[in-house]
Amino acid sequence: MVVAKVFKFEKQFDGFPQETDLKLVEEQLPEIKDGEFLAEAVYLSVDPYMRAYAPRLPLGETYVGGQVAKVTESKNPKFPVGKYVVAHFGWRTHTISDGKRTPGWTIPMVLPDFGGLPASLALGVLGMPGNTAYFGVTDILQPQQGHTVAVTGAAGAVGSLVGQICKIKGCKVIGIAGSDEKGKWLVDELGFDSFINYKSDDVGKALKEAAPQGVDRYFDNVGGEISSTIINQHMKNFGRVAVCGCISGYNEKEPPKATPIQKGVLRHQLRMQGLHSTRWEDKWMEGILQNKKWIEEGRLKYRETVTEGFENMFKAFTDMLRGGNFGKAIVKV
Ligand SMILES: NC(=O)C1=CN([C@@H]2O[C@H](COP(=O)(O)OP(=O)(O)OC[C@H]3O[C@@H](n4cnc5c(N)ncnc54)[C@H](OP(=O)(O)O)[C@@H]3O)[C@@H](O)[C@H]2O)C=CC1
Ligand SMILES: CCCCCC(=O)/C=C/[C@H]1[C@H](O)CC(=O)[C@@H]1CCCCCCC(=O)O
């Protein structure tokens, strides 16, 4: 008899998540049936969307999330024992799956050959965040050689890759994040051209110094007043803005107030577009293979912030929301 540990969504978040909003329980799993397989979680992801989408998630259910799991029993030839899968099984240690899609989420996928790179990367640079960065830059932002690009959430899973991909495309990249230690990593190790600490610097003033001629492309991971400042005061005419996330407001009880951006969009004739990585599902492998190639060529670096122990999922989640992560935040069971 297999016993799964599962985090259930107990109470709707009210502002910043509290530990009592989730409940850790044990579930006895039945024997697998024909067409099913049993998978044991090895790495689990903690992501900002887990907070952003909470108001739409039903109480009492397993909390949402992706994981890399090892198939330990199988009556489904597409998911043989010993293989690793990346799947949206939620915050749980053991899962019985029929290999089909949970509606609204990605379909379980046997991990492609990562050529010796760690399987955990399927939750980061070789998974959803990596593809958000890759397609967000190549399809939405479309930076040209010589462009100046600003990226917020710059030291996180998506932002750290966005900046590096823009460097690969020949751009000048300005990263905006929440600590000088993050800035040092971005500039010294990832090759960003400059860094702004939004917690200690005046973002408007610092951006004027870093990009006196203005910004051609802005990859927005945070929203709020920082984005209003960039869009209203720093974009060049005909610039592009990719709206990827707005984490500055996810934990707020009331919708955050920020200076309207319409004037800036109009004055500079900007093209501003939202994106969801799921829109590129039909060419998902293109992003994974390109990011993998850039890693192998030494042109794309990744970093993981690993929390040990399934019981520490909530801690890892809230540490990430507070900015404790460099690169991708994950949990190792
Ligand atoms: N549209 C899509 O398909 C996707 C969108 N996203 C979005 O992209 C963004 C980044 O996601 P991801 O890379 O996974 O997460 P990160 O790895 O960037 O982690 C979240 C980071 O957000 C920063 N942060 C927290 N609070 C604030 C705040 N008030 N203002 C500014 N920054 C803050 C913290 O860094 P710091 O120390 O700098 O404050 C923290 O490390 C999120 O908004 C997310 O929702 C992510 C994946 C897919
Ligand atoms: C205002 C919320 C912005 C959240 C942005 C974000 O982080 C999106 C991430 C998605 C990514 O594109 C792929 C995913 O799996 C993430 C979450 C998708 C949620 C689907 C919600 C399904 C539902 O509405 O029930």
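Start by selecting ligand 1 and the residues around it: 26 residues surround this ligand, and the closest are Lys182, Tyr198, Tyr250, Leu275 and Asn325. Keep in mind as you look around that this is a predicted model.

**Stop 1: the contacts of ligand 1**

Show asparagine 325 as sticks. One of its polar side-chain atoms lies 2.6 Å from an oxygen atom of ligand 1. Next, turn on the backbone of asparagine 221, where an N or O atom lies 2.8 Å from an oxygen atom of the ligand. Do the same for serine 277: here too a backbone N or O atom lies 2.8 Å from an oxygen atom of ligand 1. Now show the protein surface around the ligand. How much of ligand 1 does the protein bury? Taken alone, ligand 1 exposes 910 Å², and the protein buries 90% of that.

**Stop 2: the shell as a whole**

Colour the shell around ligand 1 by residue type, and you will find 14 nonpolar residues, 11 polar ones and one charged. Then switch to a cartoon view and pick out helix H2 (128-141) and helix H9 (313-321), each of which supplies at least two residues of this shell.

Why does ligand 1 lie between two domains? Give domain 1 (2-123 + 303-332) one colour and domain 2 (128-277) another: both give residues to the shell, so the ligand lies between them.

**Stop 3: the cavity**

Leave the ligand for now and select Gly124, Val125, Tyr302, Arg303 and Lys328. Of the 13 residues that line the largest cavity, these are the closest to its centre. The cavity holds about 90 Å³ of space, and the count of cavities of 30 Å³ or more comes to one. With the domain colours still on, look at the lining: at least three residues come from each of domain 1 (2-123 + 303-332) and domain 2 (128-277). By type, the lining of the largest cavity divides into six nonpolar, three polar and four charged residues.

**Stop 4: the second largest pocket**

For the last stop, select Gly223, Gly224, Ser227, Ser228 and Ala258, the closest to the centre of the second largest pocket among the 17 residues that line it. About 250 Å³ of space lies in this pocket. Which helix gives the largest share of its lining? Highlight helix H6 (residues 224-233), which provides that share with four residues. Colour the lining of the second largest pocket by type to finish: eight residues are nonpolar, seven polar and two charged.

Key:
Residues numbered from 1 in each chain as written. Chains lettered and ligands numbered in written order. Predicted model: local features only at pLDDT ≥ 70, side-chain atom pairs only at ≥ 80, totals over all residues. Heavy atoms only, no water. Near = heavy atom within 4 Å. Polar contact = N/O pair within 3.5 Å; in protein donor to acceptor, adjacent residues only side chain to side chain. Areas by Shrake-Rupley, 256 points an atom, 1.4 Å probe, with all protein chains shown as cover. Nonpolar A, V, L, I, M, F, W, Y, C, P; charged D, E, K, R; others polar. Domains from an automatic or database assignment. 1 Å grid on protein atoms, 1.4 Å probe; cavity = no way out; pocket = protein on both sides within 12 Å on 5 of 7 lines; lining within 4 Å. Points joined across faces, edges and corners; volume = space filled by probe spheres on them.
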